[in-house]
Amino acid sequence: MDLAPVIDGFGVVLEPTNLLYCLIGVVIGMLIGVLPGLGPAATIAILLPITLGLEPVTAIIMLAGIFYGAQYGGTITSVLLRLPGEASSVVTVFDGHALARQGKAGTALGIAAIGSFVGGTVSIIVLSVVAPVVASFALDFGPPEYTALALLGILLVSTVSSGDRLKAVIAACVGLLLATVGRDGFTGAERFTFGSLELADGLDFVPIAMGLFGLGEILYNLEERHRKVQAPATVANVWPSRADLRQSSGAIGRGSVIGFVLGILPGGGAVLASLAAYAVEKRRAKHPERFGQGAVEGVAAPESANNAAATSSFIPLLTLGIPANATMAVIFGALLIQGVSPGPQLVTQEPELFWGVINSMYVGNILLLVMSLPLVGLFVRILRVRATVLAPITVLITLVGAYTVNNSVFDILLVILFGALGYLMKKLGFDPGPLVLAFVLGSLLEDSLRRSLLIFDGDATGFFTRPISGVLLVVFLLVALLPPVRAALRRRRATPAENEPAATTTTTTTTTTKESV
Amino acid sequence: MTAPHSGAHAATGPGGQPAAGAGPAPAERDPAAELSLEEAVHQVEAEEHEGRPPAAGPLANVLVAAAVVALGVAAVVGSAALGVGSARDPDSGTFPLLVSGALVLLGLGLLAVARRTEDAERFTGASWLVVAGLASMVGFVALIGVIGFEIPAALLAFVWLRFLGHESWRTSVVISLGVVVAFYLLFVAALSVPIPHLF
């Protein structure tokens, strides 16, 4: 492996601007992880306009910082308030909050921070080794491979998304349709523009992401009855004892590995990784009954895993150009806006960007470790900020930000429109994540599909005779068809009366994830 | 690689570790110890949804599915008009047609399971807050070109704080004015963003 570009990457990171934006990114990430309401995808979407004036490396360094910073921040609310700020911190609630009730909130936060740091760092190192290999492998990918890859990516993200699978796939289809709006690149025909000049160049990614993720989430939260704000448990000593560290070291190691592997899979990501790591620890433990009662491993494993997964989910994006989850889809969009198209050629053509972003994560993780251990008290105090005060500020940032992209009022209207759609989708059980992901991948999918058909001279079996696209498509069919078939079989066996719908959907989701693993 | 599913069940179910010991443990207070991991996760997620409106009825679910089908049909018609093409010679309408065809089928699938769907929420009185929020944003857009962003922004923040968020009058006034000053300093004075402004 040629180390020169890796070392040059450190040079990029250490430029003062990049260090500053790395710090800004991780602080914002940590804040939104702690604050109620917005998740990382929404925050990154809202901040997209800011990135337009930045260098591509600087922009992505900041956005990446928000993403993995949020993994640290989510832990704080899980432990202190039993409210997981992020879905990937849900399992941390069990043992983390139990520890807090025993007056050991500091230990839980300290162990989580150290686990997150180790998980993140291990994952960056492996990422640095694996990513160039994957990229060089993918250099030979042609249109058929990309067709299969994009299809599989969209399906996996829909499968593992929160909520109903069927609805997630519907959302993805709508995203694909929205991607076709505008002039057709092959024939020049105008599609679904309804004669509008503004739509002739197609829909912009920024207003869609800002509306669906940003405004949609704010509007959805408006309806919530405000729960009484609990006083967070006091955090005394965040430095874990040597005994705690020894006890959790194995869990941190295993969590890091599990997180890295699951993070690579499209749709896998941090949520699945934290669940799997917790389950593995509980299964291995000599006294599994300690779990849920305040076992430090129960905090260490999922927190290491979700951070490792957050890092490794950059692999599919930076090496294949396929985002692995909703947040990566927004970062993908940010790259496209910067004129960088992520794909296998990124490592060789834009080494400064590639290694700059990866190496910035070392710095970001160190910054986060510093913020989560000595400065944790500061972030705990932020928990008192009310959602009702934050909401109008976020709305104004979104609206003004949307305007600044093209200095156009039409863009603000689009954001509001997609905000309303995002609200309705969340309200009716449709996860907006697959829609945004499919929108981002839509033109890639259509281009590759049409090119492939031209290559194969209209013979669709060509997809299956090429080894890589064939395998990917078989996996696609398995993931798509097995769960409904199984569910149908199960329904035939069980009487409909005792078949609770909620249970059915969850088991199908988990069975599919099993297949994908 | 162990999937979370199998791990979760082995932890408390039969066939896991010998004498897993979850049963006799004095774990009555803590749900996470008795339930399987999957159930415990669902419980935490359900707690987070405590303040949300109740689930929508079957009629709403049927309407949602029908809307999906209608959207799909409209897209099929629109794509067909663009030129269907063939596998050998794909046209502008080929890909949208495939996708919208899939959308129709998926919508029909949703219609079939509409009576068992429970993940949609009912529209309640609180939903008017969302309508009001959207209206305030549309008002903001309508006014920004005429009188600049300052007054509409202050009004929007005030409406959200006082009427949507039930903050006190004093807090609402102070924060909405503070936000506008901060925005002015940041966007107009510091970044010179060409947003329409009054002053």
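## Rings, charges and a nonpolar patch

At 1% relative accessibility, A:Phe291 counts as buried (under 20% relative accessible area, against over 50% for exposed and in between for partly exposed, with a 1.4 Å probe and protein chains only). A:Phe291 joins A:Phe94 and A:Tyr278 in one aromatic cluster. Please keep in mind that this is a predicted model, where local features need pLDDT of at least 70, side-chain atom pairs count only at pLDDT 80 or more, and totals for chains, interfaces and linings use all residues. Residues are numbered from 1 along each chain as its sequence is written, chains are lettered from A and ligands numbered from 1 in the order in which they are written, and side-chain values use heavy atoms, leaving out hydrogens and water.

**Aromatic pairs**

- Over all chains, the structure holds twelve aromatic pairs; rings of Phe, Tyr and Trp (its six-membered ring) pair if their centres lie within 6.5 Å, with planes under 30 degrees apart counted as stacked, over 60 as edge-to-face and the rest as tilted.
- The ring centres of A:Phe94 and A:Tyr278 are 5.8 Å apart with planes at 65°, so this pair is edge-to-face.
- That contact links distant parts of chain A, 184 residues apart: A:Phe94 is in helix α5 (residues 92-101) and A:Tyr278 in helix α11 (residues 269-284). Helices are DSSP runs (H or I, at least four residues), numbered from the N terminus.
- A:Tyr278 and A:Phe291 have ring centres 5.6 Å apart and planes at 90°, so they are edge-to-face.
- A:Phe291 lies in the loop between α11 and α12 (297-312) of chain A, so its pairing with A:Tyr278 of helix α11 ties together parts that are 13 residues apart in sequence.
- A:Tyr278 is buried, with a relative accessible area of 2%, and A:Phe94 is buried too.

**Charges over rings**

- The charged end of B:Arg52 sits over the ring of A:Tyr220, 3.5 Å from its centre; the criterion is NZ of Lys or CZ of Arg within 6 Å of the ring centre and within 35 degrees of the ring normal.
- A:Lys427 lies over the face of B:Phe123, at 5.0 Å from the ring centre.

**Helix α22**

- A:Leu489 is found in helix α22 of chain A.
- At 46% relative accessibility, A:Leu489 counts as partly exposed.

**Cysteines**

- The structure holds zero disulfides over all chains, a disulfide being a pair of cysteine sulfur atoms within 2.5 Å.
- Two cysteines to look at are A:Cys22, buried at 1% relative accessibility, and A:Cys173, buried at 8%.

Conventions:
Helices (H or I, at least four residues) and strands (E, at least two) are DSSP runs, numbered from the N terminus.
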